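The following exercises concern a single protein model. Each task is followed by a solution that proceeds step by step.

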Amino acid sequence: MLGTQFTKGSPNWIDLGSPDTAAAAAFYGAVLGWEFRSAGPDAGGYGFFQQDGATVGAVGPLTEEGARSAWTVYFQTPDADATQKTAETAGGTVRVEAFDVMDAGRMACLTDPAGAEFAVWQPGQVRGLERTSSPNTLVWAELHVPEPESTLGFYRTLFGWRWASMDAPGMTYRVISTAEGDQQDTSFGGVAELQGEGERSRWIPYFAVEDADAISLAAQGNGGSVVLPAADIPDVGRIAWLADPFGAVFAVLKPAPMG
C-alpha cells in the first residue's frame with residue numbers, strides 16, 4: 001500500500017507536463033476534484049494539485065525539447081547525484097542532470113534502459129505527496145516495458161527494489177516493493193510486459209476512485225478520452241486507462257473489497 005512515510009525507492013511525487021497547464025488543471029479539477037495552487041512567481045508556471053489543502057500531485061509546462069504531455073513518477077533517493085551516476089553506469093540515460101528546486105529538494109530526470117522516463121526526488125523542505133491511497137489520489141505506479149526482469153534489475157541497482165511474480169490474465173505480473181520492511185506491506189506498484197503493437201515503455205500512475213465508470217464518463221465529458229475501458233480484474237478491482245485532453249495517460253482503480 002502506497003503511503004506517505006517515504007523510504008528509499010518509494011514513489012514520493014508525481015507531476016504532469018502539459019502544453020496548457022490552465023486547461024489541464026481545469027480537466028483534473030472536473031474529473032478528480034483537484035484544486036490548483038501556483039507554486040509562486042518564481043516557479044515558471046509550476047503548481048500543485050490539492051485535495052482539501054493536501055498536495056496530491058503537480059503540473060507544469062513542458063520544458064524538455066520534443067517532450068509530449070505525460071505524467072512523471074518520482075522515486076525517493078537520499079542522494080540525487082549518486083542515483084543519477086548509478087543510473088548512467090547501469091545503462092540508463094540522464095535527461096536532466098540533478099539540480100536544486102529552491103529549498104524544496106533536489107531532483108534529476110532519468111530514463112531507464114527500456115526507454116521509460118522517470119525522475120528522482122531528494123527531499124528538502126518538501127518530503128513528497130501529502131496524501132495517497134485514498135479516493136482521487138495516487139495508489140499505484142505501473143511500469144510497462146518489453147522485458148520486465150532485466151528492467152527491474154536496473155531499478156534494483158538504483159533502489160534495492162524487491163518483486164514477486166503473480167499470474168494475471170494473459171501475462172506474468174510483477175509486484176514491486178521497496179528494499180526495507182515487509183514485502184507485501186511496502187508494495188507500491190507493478191511491472192507488466194508491453195501489450196500490443198505501438199505501446200511504448202512508460203510509467204503509468206493509478207489513482208484510487210470510488211467509481212471507475214463515472215470517472216471515465218467525466219473524462220470524456222471534459223475533453224479526455226478512454227484508452228482502455230473500465231474492466232474488472234479479479235482480486236484487484238475495476239480499472240480504466242484514460243487520457244487527458246493533451247494525451248497524458250493515467251489509470252483509475254476502484255479497489256476490490258479487502259477480505
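**Exercise 1. The protein as a whole**

Task: Determine what share of the residues is buried, and describe the overall dimensions of the protein.

Solution. The model is predicted. Buried residues make up 49% of the 259 residues in the protein. The secondary structure consists of 4 helices and 16 strands. The radius of gyration is 17 Å, close to the 18 Å that the globule rule gives for 259 residues, so the protein is as compact as a globular protein of that length. Along the principal axes, the C-alpha atoms fill a box of roughly 50 × 45 × 35 Å. Finally, consider the contacts with a separation of 6 or more: residues 24 or more positions apart account for 58% of them.

**Exercise 2. Helices α1 and α4**

Task: State how α1 and α4 are oriented towards each other, and which residues meet.

Solution. Step one is to locate the helices: α1 spans residues 21–32 and α4 spans residues 212–221. Step two is the geometry: the helices pack at an angle of about 150°, and their axes are 9 Å apart. Angles over 145 degrees count as roughly antiparallel. α1 and α4 are therefore roughly antiparallel to each other. Their crossing is right-handed. Step three is the contact: α1 contributes Phe 27, Val 31 and Leu 32, which meet Ile 215, Ala 218 and Ala 219 in α4. Sorted by class, this contact has 6 nonpolar, no polar and no charged residues.

**Exercise 3. Helices α2 and α3**

Task: Carry out the analysis of packing for α2 and α3, and classify the residues in their contact.

Solution. Helix α2 covers residues 80–89, and helix α3 covers residues 148–159. The angle between α2 and α3 is about 150°, with axes 9 Å apart. α2 and α3 are therefore roughly antiparallel to each other. α2 passes α3 in a right-handed crossing. On the side of α2, the contact is made by Thr 83, Thr 86 and Ala 87; on the side of α3, it is made by Phe 154, Thr 157, Leu 158 and Phe 159. By class, the contact of α2 with α3 has 4 nonpolar, 3 polar and no charged residues.

**Exercise 4. Three residues and their surroundings**

Task: For Gln 84, Gly 17 and Met 107, decide whether each is buried or exposed, and list the contacts of each.

Solution. A residue counts as buried under 20% relative accessible area.

- Gln 84 is found in helix α2. Its relative accessible area is 10%, so Gln 84 is buried. Leaving aside neighbours within four places in sequence, Gln 84 is in contact with Val 94, Val 96, Glu 97, Ala 98, Ala 108 and Leu 110.
- Gly 17 belongs to strand β1, residues 11–18. With a relative accessible area of 14%, Gly 17 is buried. Not counting residues up to four places away in sequence, Gly 17 touches Gly 60, Leu 62, Ser 69 and Ala 70. Gly 17 and Arg 68 are 51 residues apart in sequence, and the distance from C-alpha to C-alpha is 7.7 Å.
- Met 107 lies in strand β7, residues 105–111. Its relative accessible area is 9%, so Met 107 is buried. Beyond its neighbours within four places in sequence, Met 107 is in contact with Tyr 74, Ala 80, Glu 97, Ala 98, Phe 99, Val 101, Val 120 and Trp 121. The C-alpha atoms of Met 107 and Ala 256, 149 residues apart along the chain, are separated by 35 Å.

**Exercise 5. Positive phi in two loops**

Task: For Asp 52 and Asp 235, give the phi angle, the position in the chain and the exposure.

Solution. Phi of Asp 52 is near 55°, a positive value in a residue other than glycine. Asp 52 is placed in the loop between β3 (47–51) and β4 (54–61). Exposed means over 50% relative accessible area. Asp 52 has 70% relative accessibility and so counts as exposed.

Phi of Asp 235 is near 65°, again a positive value in a residue other than glycine. Asp 235 lies in the loop between β14 (225–233) and β15 (237–243). At 80% relative accessibility, Asp 235 counts as exposed.

Key
Residues are numbered from 1 along each chain as its sequence is written. This is a predicted model: local features need pLDDT of at least 70, side-chain atom pairs count only at pLDDT 80 or more; totals for chains, interfaces and linings use all residues. Side-chain values use heavy atoms; hydrogens and water are left out. Axes are lines fitted to C-alpha atoms, for helices over the stretch in contact, and angles run from 0 to 180 degrees between N-to-C directions. Angles under 35 degrees count as roughly parallel, over 145 as roughly antiparallel, 65 to 115 as roughly perpendicular and the rest as oblique. A crossing is left-handed if the near helix is turned anticlockwise from the far one by less than a right angle, and right-handed if clockwise. Contact means heavy atoms within 4.5 Å. Ala, Val, Leu, Ile, Met, Phe, Trp, Tyr, Cys and Pro count as nonpolar, Asp, Glu, Lys and Arg as charged, and the others, Gly among them, as polar. The radius of gyration is taken over C-alpha atoms; the globule rule is 2.2 Å times the number of residues to the power 0.38. Buried means under 20% relative accessible area, exposed over 50%, partly exposed in between (1.4 Å probe, protein chains only).
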